[in-house]
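Biologist: Could you take me on a close look at one sheet in this model, and then show me what lies beyond that sheet? I would love a connected account.

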Amino acid sequence: MKIKLLSLITLIGASSIAFAQTTFSPKITIDADTGDNPYTIATGLINNDAFLDIVVGTDTDNELLVYLNNGDATFTKQPNIPNTISAVGGLKLVDLNNDTFLDLLVTAYTSDSVTWYANDGSGNFGVEQSIATVNGASGLFVGDVDGNLTPDVVVTSYDDNQVLWFSNDGAGNFTTPATSLIDNTLVAPGAVNMSDIDGDGDLDALVATAAYSGDVLEIFRNDLVPGGTVDFIKDATSVATGKIGFFNATFEDLDGDANLDILATEIKFGAMTGNFYWYEDNGAGFTETAFVTSIMNPSVAQHRDLDGDNLKDIILSSGTSNAGNDIVWYKNNGGTYGSEQVIDDTSSQAFVYNIADYDNDGDLDIASCEYNQDNLNLFKNNFIVLSTDDTNLEVATIYPNPAKDVLFFKGMTSETLNLEVYDILGKVVIQTSIEQNGSLDISELKNGMYILKFETSDATFKFVKE
């Protein structure tokens, strides 16, 4: 349902001081029977509304499940997507064929499959389309590897000790792996993620191995810039060596110094205790710090702003069965992090989760898969503003909403206001200033829902780009 009324936002002047706290609701079960061992999850706008939907893949009975958001953080389960794959391990919702609809991209370990399913715009996914056969298809990343402004696909081949990428022509057609090798020297590569770590304008790769003996964390730098062609060169020095079972690793600026650091989890399993690491880029290499955590086998770590202070906090989940803490977070205090705070201790193997605004109240909630209990669960963020002192209120109105090309503002008393626009996954897509009663160009944004925040305010509001 699209919003037709004008939106009203209360802006808190620069002299104000706001106090807030973040807690999470007890576990709300979206689906108590997802099928056997839900192991991967993706979130996005997959039908013709402004509410975030969820897709889940199961590891054992090979299901692809779709949950449409009703707009109030309740979900309606749809018929499963027909497929021929086995041991679903990776999911992404991404527009692969440039029709503005989010398609479903999947890796499956046992069937050695990299496949995708086109979205018709109403949340219905089409027939299975193969991108490639990859032995032991495991880690999955989507991004513009070759600089042609289309989403390419990166996959790790756990069984063949390869990291591969597949170039997308923009219409959902992909190259073969013969010309798309990132690496073939690592044993049992698992997780792969990419970012521009050296600031030269192309995507570099971070690869973690999971052989459960002598595992490593390696960086491969893309030579597209300045070399002109995609060619990955491994750093002479490893980020980490001698570990046991890296499960996840991502590039993050953890301390706000503009250098990309690394968050990584070592899961281990069995009677051994895993670890949760911060690898700090000090300009001359990476130094390792282990976070203190109650979680015996850390699985996935994310860096997101849970408490609305414009500082990204750290969220960590557990791969441990039964008793113990399952999802925790660490508050960012400006480049240092507070002690562990428990979000949930009732799940069993909450391997994977997504963070997004599922209940449309302006803060980030958590949807998680409970591998051992075959559940999909939701934890609502109960972000609360406690008090505001010395306020100087300024009321502004935006219109139209929904909007196609331009948002207009009226009722502003300040001559200039700084603002940021976030997409539904929390990424800043616009950062600018507007003059008194000015306008904001949103013509380059993709269709969907966005959140607008002013620099001098803790208030937020949503608008729909159509």
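Modeller: Happy to! In this predicted model, the open sheet has 4 strands, ordered β12-β13-β14-β15, with antiparallel pairing. Its edges are β12 (137–143) and β15 (181–183), each of which pairs on one side only. From one strand to the next, the twist averages 25°. Inside the sheet, β13 (residues 152–157) and β14 (residues 162–166) are joined in the antiparallel sense over 5 bridges. Val155 is a good residue to click on: its bridge partner in β14 is Leu164.

Val155 also leads us to the nonpolar cores. Along with Leu105, Ala132 and Val134, Val155 is among the members of a core of 17 residues, separate from the largest one. The largest nonpolar core has 33 residues, and Ile54 and Ile366 touch the most other members. Strands that each supply at least two residues to that core include β5 (53–58), β6 (64–69) and β30 (365–370), as well as β31 (375–379). If you centre your view on Ile54 and skip its neighbours within four places in sequence, you will find contacts with, among others, Ile30, Leu65, Phe75, Tyr358, Ala367 and Leu376.

One last stop is Asp359, in the loop between β29 and β30. Asp359 is buried yet has no salt bridge. Lys380 has the nearest side chain of opposite charge, 4.7 Å away, and the cut-off for a salt bridge is 4 Å. Not counting residues up to four places away in sequence, Asp359 touches Ala73, Asp365 and Lys380.

Notes: Residues numbered from 1 in each chain as written. Predicted model: local features only at pLDDT ≥ 70, side-chain atom pairs only at ≥ 80, totals over all residues. Heavy atoms only, no water. Core = buried A, V, L, I, M, F, W, Y, C linked by side-chain atoms within 4.5 Å. Buried < 20%, exposed > 50% of the residue type's maximum accessible area, 1.4 Å probe, protein only. Contact = heavy atoms within 4.5 Å. Lys, Arg positive; Asp, Glu negative; His and termini not counted. Pairing = 2+ DSSP bridges. Axes fitted to C-alpha atoms, helices over the stretch in contact; angles between N-to-C directions.
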